[in-house]
Amino acid sequence: MTTFTPTADEDVVASVQWALAENAPLEIMGEGSKRGIGRPAQTEHAINLSALSGITLYEPEELVLSARAGTPLAKIEELLKRNRQQLAFEPMDYGPLLEQPAGRGTIGGVLAGNLAGPRRLKAGAARDHVLGVSVVSGRGELFKSGGRVVKNVTGYDLSKVMAGSWGTLGVLTSLTFKVLPAPEMEATLLVRGLSEGDAAAAMALAMGSSAEVSSAAHLPEGISTPTLNVLLGSGPKTLLRLEGFGPSVAYRFDLLHRLLRDGGVIERIDDSTAVWAEIRDCAPFADNTDRPVWRVSMAPSEAYKMVAELRMHAGAAAFYDWQGGLVWLRMEAEPEAEGIRALVAHFGGGHATLVRASPSVRASTPVFQPQPPALAALSARLKEQFDPNGILNPGRMG
Amino acid sequence: MSLAMPQPDAAVLAKRAEIAADLRTIVPGEGVVEAPNEMRVFETDGLTAYRQLPLVVVLPETTQQVSRILRYCNERNIRVVPRGSGTSLSGGALPLADAVLLVMSRFNRILDIDYVNRCVIAQPGVTNLGISQAVEEERFYYAPDPSSQIACSIGGNVAENSGGVHCLKYGLTANNVLGVEMVLITGEVIRLGGKHLDSEGYDLLGVMTGSEGLLGVVTEVTVRILQRPEAARALLLGFPSSEQAGQCVAEIIGAGIIPGGMEMMDEPAIHAAEDFVQAGYPLDVEALLIVELDGPGPEIEHLIGQVEAIATDNGSTTCRISQSEEERLAFWAGRKAAFPAVGRISPDYYCMDGTIPRKELPRVLAGMREMSERYGLRVANVFHAGDGNLHPLILYDANIPGELAKAESFGNDILRLCVEVGGVLTGEHGVGVEKRDLMPVMFSQVDLDQQMRVKCAFDPNHLLNPGKVFPQLRRCAELGRMHIHAGKMPFPDIPRF
């Protein structure tokens with residue numbers, strides 16, 4: 001077992017070239033905070049990028065930040081916070097869900113996992129904010145794509161190809177992101193007591209209004225955490241987040257209140273940052289077990305129907321983010337992969353990823369959504385063009 | 001045409017009649033055009049300096065027809081150039097003598113309007129504006145608004161990753177497209193994305209957006225629609241120097257304000273626009289800034305004074321705030337007419353499209369002034385100040401021998417300068433044929449080879465839109481070769497564990 005800890009791009013090139021010559025597949029990792037996602041590693045050797053670290057460019061007025069791939073996300077977020085800016089896509093922290101400490105992970109991992117948070121609805125995911133990358137391909141070649149400006153259509157956007165590729169196409173060495181001003185304030189409108197169907201309707205109404213809702217989530221009866229209990233109490237909760245300048249938030253809250261007042265009991269939560277962090281990180285299912293947890297992306301209007309149908313066949317707890325477009329599911333026993341995916345297909349399509357399960361379950365279940373044959377073949381050809389010998393995170397994506 | 005395009009395949013040229021007849025069995029009736037005088041209308045796109053008649057034109061109406069056409073061409077090694085509305089400013093839809101021109105204009109229906117999930121499914125030939133019009137009764141719209149939005153198609157927007165004046169706040173096409181149905185060169189039909197977010201595997205939708213018709217043919221597009229902002233107001237700000245205008249933009253953003261639009265014009269552009277539409281622009285300033293705030297009324301009221309104060313602090317000599325919708329539109333009238341206005345003061349103009357880090361604007365403008373003197377050609381500038389996208393308009397006269405070449409050479413020098421200051425060759429118009437040969441200014445051969453390998457995964461025989469984007473087409477077999485050197489343990493000094 002060899003773990004390379006490169007401190008420069010050339011070291012990464014040398015490591016991959018060594019692996020090619022030795023035909024020795026590599027696991028690609030940062031701090032390892034998301035190692036539990038995907039098929040378990042099938043490699044003897046690894047590249048650990050945590051020493052390839054440092055913010056190399058930050059120009060707040062240009063809304064741009066570059067960092068080497070192993071830079072801790074926490075460090076970047078701290079610097080941005082000091083300048084009243086943020087990564088608007090609000091990358092989630094998988095740590096608590098995967099029995100890892102909170103607050104870890106690198107900026108490379110943010111893109112490799114295409115992370116996002118509740119603000120995904122309005123602001124997009126990591127893929128929507130990455131401006132440029134440097135990457136060492138599985139051919140052992142260092143290439144770059146994109147740049148440091150927002151508007152750029154020069155050549156293929158290979159930064160987006162890296163988004164959600166989980167280290168199977170190349171080893172990221174540095175990344176440039178668009179950053180944005182942090183909102184001056186946030187407030188959350190809470191509607192109590194809605195059924196899952198009524199919550200879907202309320203969220204659709206809110207998102208279709210001019211209130212500029214940035215996040216919409218629904219926590220059914222029984223879905224909570226100690227923090228959420230203290231802040232919000234018990235019972236079903238539908239949450240709508242408003243962010244921006246004070247007078248704007250106040251005005252939009254009233255607008256939303258008028259829109260929804262006939263539907264349930266409404267409250268205003270002024271300091272809701274912690275609430276949205278809990279939802280972002282899937283804290284309700286961070287229960288220190290390895291009961292299977294699914295992350296399902298589908299049409300918002302269909303999510304509660306899929307869940308209702310699923311509950312007729314299997315024990316499952318569920319809550320909704322992204323207006324219902326993101327369903328977090330925790331299964332009581334078996335992962336039920338085929339059943340869940342069939343239901344998602346039946347209810348308008350989408351994809352289901354098994355983000356938590358024991359290693360043996362992950363080894364025997366397709367963690368990522370299987371693709372139709374023509375698409376699967378295209379994905380395989382793309383992988384081959386980046387990593388012809390299959391030495392980067394082999395098997396991780398299925 | 002001075003442009004080097006791939007050598008036409010003589011065997012294909014010789015079979016023109018046969019190919020047209022075969023295509024008629026797939027698309028009957030008027031869907032195949034082969035008479036040269038009827039094909040004339042397709043010989044160029046928005047980059048009119050280059051013209052070429054295609055081999056034959058085919059206008060399919062169904063995904064199945066597209067699939068059969070591509071499979072047919074793939075099996076016979078016939079090149080294909082896809083075309084939407086033909087508004088590309090970089091020659092993305094320029095035909096080839098030996099290529100079938102696949103025109104998607106008959107795919108002109110909106111298939112689904114879904115307000116609950118806030119999306120529209122449209123065929124690719126629907127115009128950009130057509131989508132917004134289809135949902136305007138519910139006060140929704142589709143955000144990316146390239147200036148050709150009356151004519152340009154949503155399929156073409158996907159191919160070019162089109163922008164517009166609202167990109168900083170609302171994103172490019174790539175951030176507003178949720179899914180596509182597309183046909184590969186093999187004829188296989190695949191779906192990427194849909195009404196859900198993100199991808200189950202590699203982000204092929206991300207690479208497809210902006211791929212300039214080289215990877216596949218889009219037959220259906222799902223886009224996000226947004227509720228129209230409640231209100232919009234604009235400020236018209238004049239500055240004695242572009243440095244001050246640039247600093248004003250930086251401080252607006254520094255204050256945490258992201259305006260819906262932020263446009264700058266330089267002195268020649270201001271004068272041309274004012275002469276043309278009498279928008280009431282001040283003529284004694286070097287830089288004019290239009291800042292538009294959109295959103296809920298109280299938010300605009302809250303911010304407009306802040307923007308005004310920042311402008312004053314930076315020495316603005318003109319500051320007008322729109323008091324009515326008419327006045328706001330009047331502020332924009334000059335900017336929107338800037339291109340035709342420049343067209344009035346010069347027989348021809350050449351529109352460039354670089355992006356730069358905003359702070360480099362004074363340096364780039366100074367560089368352009370120097371080049372303008374050297375080339376003896378005038379230049380006017382409009383600038384999407386929020387996102388750094390610069391559109392220099394080079395004034396020339398095509399009737400003067402050598403002047404077009406001079407204008408192109410001037411344009412290339414501007415783009416080289418954009419890259420030198422940390423920017424890029426094209427912000428929203430695409431590489432096409434126009435900037436193809438400049439790609440090595442921005443990318444190394446290794447960078448370009450990796451992009452071409454993506455192409456190889458989709459279209460290994462380079463049949464889709466060859467001669468665009470890449471300065472040199474390398475065979476996929478050659479690109480796939482790998483040289484592995486005997487392994488040496490890397491950086492042995494560094495401790496491992």
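A disulfide is a pair of cysteine sulfur atoms within 2.5 Å. The model used here is predicted.

**Exercise 1. Find the disulfide and describe it.**

Task: How many disulfides are there over all chains, and which cysteines are joined?

Solution:
1. Apply the cut-off: the count is one disulfide over all chains.
2. Cys456(B) is joined to Cys476(B), with S to S at 2.0 Å.
3. Place the partners: Cys456(B) lies in helix H18 and Cys476(B) in helix H19, 20 residues apart, so distant parts of the chain are linked.
4. Check the handedness: the angle about the S-S bond is -90°, a left-handed link.
5. Check burial: Cys456(B) and Cys476(B) are both buried.

**Exercise 2. Explain an unpaired cysteine.**

Task: Why is Cys351(B) not bonded to Cys418(B)?

Solution:
1. Cys418(B) holds the closest cysteine sulfur to that of Cys351(B).
2. The separation is 12 Å, too far for a bond.
3. Buried means under 20% relative accessible area. Cys351(B) has 13% relative accessibility, so it counts as buried.

**Exercise 3. Place strand S19(B).**

Task: Is strand S19 (residues 389-396) of chain B buried or exposed, and which strand forms a hairpin with S19(B)?

Solution:
1. Eight of its eight residues are buried, so S19(B) is largely enclosed by the rest of the structure.
2. Both faces are covered. Leu393(B) is on one side, Ile394(B) on the other.
3. S16(B) runs antiparallel to S19(B), joined by four bridges. Tyr349(B) partners Leu395(B).
4. S17(B) also pairs antiparallel with S19(B), over two bridges.
5. S18(B) pairs antiparallel with S19(B) over six bridges. These two strands form the hairpin, with four residues between them. Gly388(B) in the turn has a positive phi of about 80°.

How values were computed. Residues numbered from 1 in each chain as written. Chains lettered and ligands numbered in written order. Predicted model: local features only at pLDDT ≥ 70, side-chain atom pairs only at ≥ 80, totals over all residues. Heavy atoms only, no water. Buried < 20%, exposed > 50% of the residue type's maximum accessible area, 1.4 Å probe, protein only. Pairing = 2+ DSSP bridges.
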